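Me: I'm new to this one and would like a close look at a single part of it. Could you start with one spot in a loop and then take me inward from there?

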Amino acid sequence: MQAIELVEPKTFRTIEIPEPPPPGPGEALVRSHRCGICGTDVSGYLGKMPFFEYPRIPGHELGVEVLSVGEGVTNVVPGDCCSVEPYMHCGDCYACRQGAINCCEQLQVIGVMIDGGLRPQFIVRAEKLHASAQLSFDQLALVETLAIGCHAAARAEIIAGDTCLVIGAGPIGLATLEFVRLRGGRPVIIDLDTQRLSFCRTQLGVEHAIEPQGNLQEQLRSCCEGHLPDVVIDATGSAGSMSNSFSLVAPTGRLVFVGLTTDAVSFHHPIFHRPEGTLLCSRNALPEDFRQIIGWIEEGRIDTSPWITHKIPFGEVAEQFPQIIRPEAQAIKAIIEVT
């Protein structure tokens, strides 16, 4: 069968791979139906993702169908439609023993460190499958992106009434925004892309979607009842933005980095010490995030209809991928139709 491999930065090729073997104990054989494109895929394509290893079959935002299961599997059965939790943890390291499996010391993310879902079928640990009888494959492929935002909002410990600034209106920023609102926070989102800000206002109903101009602190105070935000979540992955974000936090506020950069982040210490700020990082997501999100989509508490703006046929990935990631394409979320 055919698979799509990222041979090196900016070079996709179609390869022939063997059919997968029958699933072993604790495993499931799944068919890929949909695969989302996210910032990790873009960074891997551009050669800017520190954890990406080449050559690699990408794909970790997945909507799949269970074809068969191995011995001992009880959480899914053939025919189930599932989202894939792509973080393969070891279960033995200190982080795993503490329940922080998203920070596993031996973590292997499918589509990044090990081969992912841009192939018709593959074997996966069954415990990493989260089934839904109601969600479409498109929706199931969105769950992982939403889970990143869900975990970031949880790390920020947002409570009802908190003013929360989300920096960056890309998919992770938009996912975070969903959970700021679900937790009762009052969101403000900033971005340099006016069309993304328009999307936030018209499609997501965000009142304060602003382009930074002049004195950003004063802009934020005007949106946050005269003070700076209680919570700032930077989803840009830009070292410059992340460095600047230390100056945007209210007294006793929290700053959360959900974006990832390989560059140095620096700040003038008094600007963060004076308000007694708290710095947090948010990495990946946890199984309970996937289960909660699926439930909330099923209940109608999360509307996925505005999200998917572009679709790419499996056979056109090499041709269309470089175009879809250009800013002028205005893709909120692009989905690859694998099968």
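Reply: Let's start with E157, which is exposed because its relative accessible area is 56%, past the 50% cut-off for that word. Keep in mind that this is a predicted model. E157 sits in the loop between α3 and β10, the strand at 163–167. Its backbone is worth a look too: phi of E157 is near 55°, a positive value in a residue other than glycine.

There's another spot of this kind in a later loop. T252 isn't a glycine either, yet has a positive phi of about 60°. You'll find T252 in the loop between α7 (239–244) and β14 (254–257). With a relative accessibility of 52%, T252 counts as exposed, since the word applies over 50%.

While we're on loops, have a look at P55, in the stretch between α1 (39–46) and β4 (61–69). The peptide bond leading from Y54 into P55 is cis, and its omega is near -10°.

Now back to E157, and from its loop into α3, the helix that covers residues 137–155. This helix packs against α4 (residues 171–182) at an angle of about 55°, and the two axes are 7 Å apart. That angle makes α3 oblique to α4. The crossing of α3 past α4 is right-handed. So who's touching whom? On the α3 side the contact is made by T145, L146, I148, G149, C150, A152 and A153. From α4 come P171, I172, A175, T176, E178, F179 and V180. Sorted by class, the contact between α3 and α4 has 10 nonpolar residues, 3 polar ones and 1 charged one.

That takes us to the inside. In soluble globular proteins, nonpolar side chains tend to be buried together. Here, the largest nonpolar core has 92 residues, and L129, L146, L174, I189 and I293 have the most contacts inside it. Helix α3 gives the most to this core, with 10 residues. L146, one of those best-connected residues, is also part of the contact with α4.

I293 is a good place to pause. Leaving aside residues up to four places away in sequence, I293 touches V143, L146, A147, C150, F179 and I302. Among these, L146 and C150 belong to the α3 side of the helix contact, and F179 to the α4 side. There's also a second, separate core of 19 residues, which includes C224, L228, F257 and F272.

Technical notes:
Residues are numbered from 1 along each chain as its sequence is written. This is a predicted model: local features need pLDDT of at least 70, side-chain atom pairs count only at pLDDT 80 or more; totals for chains, interfaces and linings use all residues. Side-chain values use heavy atoms; hydrogens and water are left out. Axes are lines fitted to C-alpha atoms, for helices over the stretch in contact, and angles run from 0 to 180 degrees between N-to-C directions. Helices (H or I, at least four residues) and strands (E, at least two) are DSSP runs, numbered from the N terminus. Angles under 35 degrees count as roughly parallel, over 145 as roughly antiparallel, 65 to 115 as roughly perpendicular and the rest as oblique. A crossing is left-handed if the near helix is turned anticlockwise from the far one by less than a right angle, and right-handed if clockwise. Contact means heavy atoms within 4.5 Å. Ala, Val, Leu, Ile, Met, Phe, Trp, Tyr, Cys and Pro count as nonpolar, Asp, Glu, Lys and Arg as charged, and the others, Gly among them, as polar. Buried means under 20% relative accessible area, exposed over 50%, partly exposed in between (1.4 Å probe, protein chains only). A nonpolar core is a set of buried Ala, Val, Leu, Ile, Met, Phe, Trp, Tyr and Cys residues joined through side-chain atoms within 4.5 Å.
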